[in-house]
Amino acid sequence: METEWKEVVEERYDDQLGVVPPAIYLNHGFLVGEPTSSRLCTRSKKYCPTFRAFMNINGRFYEGPALTVPEFRALVCADVEREATPLD
């Protein structure tokens, strides 16, 4: 089974952080500020924009699926680390 999270190099993380101001920026990562789509949020049960997710956990960088802000806030870092496809 393929995961939606993958480990990326720091340059990819930094590049995406600088493209446009983040939609949200937390200690563990950010959502790229340009929405990719809109859909029903699994957390709020409301129709919300989605944004590409990036996380920095223990000095390792991850790119994930398009998430809503409430979904991103609810992420557990350990789950992302465990489920992510490692760098080649």
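Which residue forms a salt bridge with Glu7? Select Arg60 to find the partner: the closest N and O atoms of Glu7 and Arg60 are 2.8 Å apart. Before going on, note that this is a predicted model.

**Stop 1: Glu7 and Arg60**

Keep both residues selected and show their side chains. Glu7 belongs to strand S1 and Arg60 to strand S6, so this salt bridge ties together parts that are 53 residues apart in sequence. The two partners can also be looked at with a surface switched on. Glu7 has 13% relative accessibility and counts as buried. Arg60, at 38%, counts as partly exposed. Across the structure there are five salt bridges, and two others are visited below.

**Stop 2: Glu63 and Arg12**

Next select Glu63 and Arg12. These residues form a salt bridge whose closest N and O atoms are 3.0 Å apart. The pair links distant parts of the chain, with Glu63 in strand S6 and Arg12 in helix H1, 51 residues apart. Is Glu63 buried or exposed? Glu63 counts as buried, because its relative accessibility is 9% and the limit for buried is under 20%. Arg12 is partly exposed, with a relative accessible area of 33%.

**Stop 3: Glu4**

Keep Glu63 on screen and add Glu4. Leaving out residues up to four places away in sequence, Glu4 touches Glu63, Gly64 and Pro65. Glu4 sits in the segment before strand S1, which spans residues 6-8. With 60% relative accessibility, Glu4 counts as exposed. For a distance to try in the viewer, pick the C-alpha atoms of Glu4 and Thr50. These atoms are separated by 14 Å, and the two residues are 46 apart along the chain.

**Stop 4: the aromatic rings**

Now hide the charged side chains and select Tyr13, Tyr25, Phe30, Phe54 and Phe61. Ring pairs link these residues into a cluster. How many aromatic pairs are there in the structure? The count is five.

Start with Tyr13 and Phe30. Their rings form an edge-to-face pair, 5.0 Å from centre to centre, with 75° between the planes. This pair links distant parts of the chain: Tyr13 is in helix H1 (residues 10-19), Phe30 is in strand S3 (residues 29-31), and they are 17 residues apart. Both partners count as buried: Tyr13 has a relative accessible area of 4%, and Phe30 has 0% relative accessibility.

Stay on Tyr13 and turn to Phe54. Why is the pair of Tyr13 and Phe54 edge-to-face? The ring centres are 6.4 Å apart and the planes stand at 75°; the pair is edge-to-face because planes over 60 degrees apart count that way. Tyr13 lies in helix H1 and Phe54 in strand S5, so the pair ties together parts that are 41 residues apart in sequence. Phe54 counts as buried, at 0% relative accessibility.

**Stop 5: two loop residues**

Follow the backbone to two residues with a positive phi. Select Lys45, which is in the loop between strand S4 (37-40) and strand S5 (47-57). Its phi is about 60°, a positive value, although Lys45 is not a glycine. Lys45 is exposed, with a relative accessible area of 58%.

Then move along strand S5 to Asn58. Asn58 lies in the loop between S5 and strand S6 (60-67). Here too the residue is not a glycine, yet Asn58 has a positive phi of about 55°. At 67% relative accessibility, Asn58 counts as exposed.

**Stop 6: helix H3**

Finish at helix H3, residues 77-83, by selecting Arg82 and Asp79. Both lie in this helix, three residues apart, which is about one turn of the helix. Their side chains meet in a salt bridge, at 2.7 Å from N to O. Arg82 counts as exposed at 58% relative accessibility, whereas Asp79 is partly exposed, with a relative accessible area of 30%.

Which residues are joined with Asp79 into one network? Add Glu83 to the selection: salt bridges that share partners join Asp79, Arg82 and Glu83 into one network.

Terms used:
Residues are numbered from 1 along each chain as its sequence is written. This is a predicted model: local features need pLDDT of at least 70, side-chain atom pairs count only at pLDDT 80 or more; totals for chains, interfaces and linings use all residues. Side-chain values use heavy atoms; hydrogens and water are left out. Helices (H or I, at least four residues) and strands (E, at least two) are DSSP runs, numbered from the N terminus. Buried means under 20% relative accessible area, exposed over 50%, partly exposed in between (1.4 Å probe, protein chains only). Contact means heavy atoms within 4.5 Å. Rings of Phe, Tyr and Trp (its six-membered ring) pair if their centres lie within 6.5 Å; planes under 30 degrees apart count as stacked, over 60 as edge-to-face and the rest as tilted. A salt bridge is a side-chain nitrogen of Lys or Arg within 4 Å of a carboxyl oxygen of Asp or Glu.
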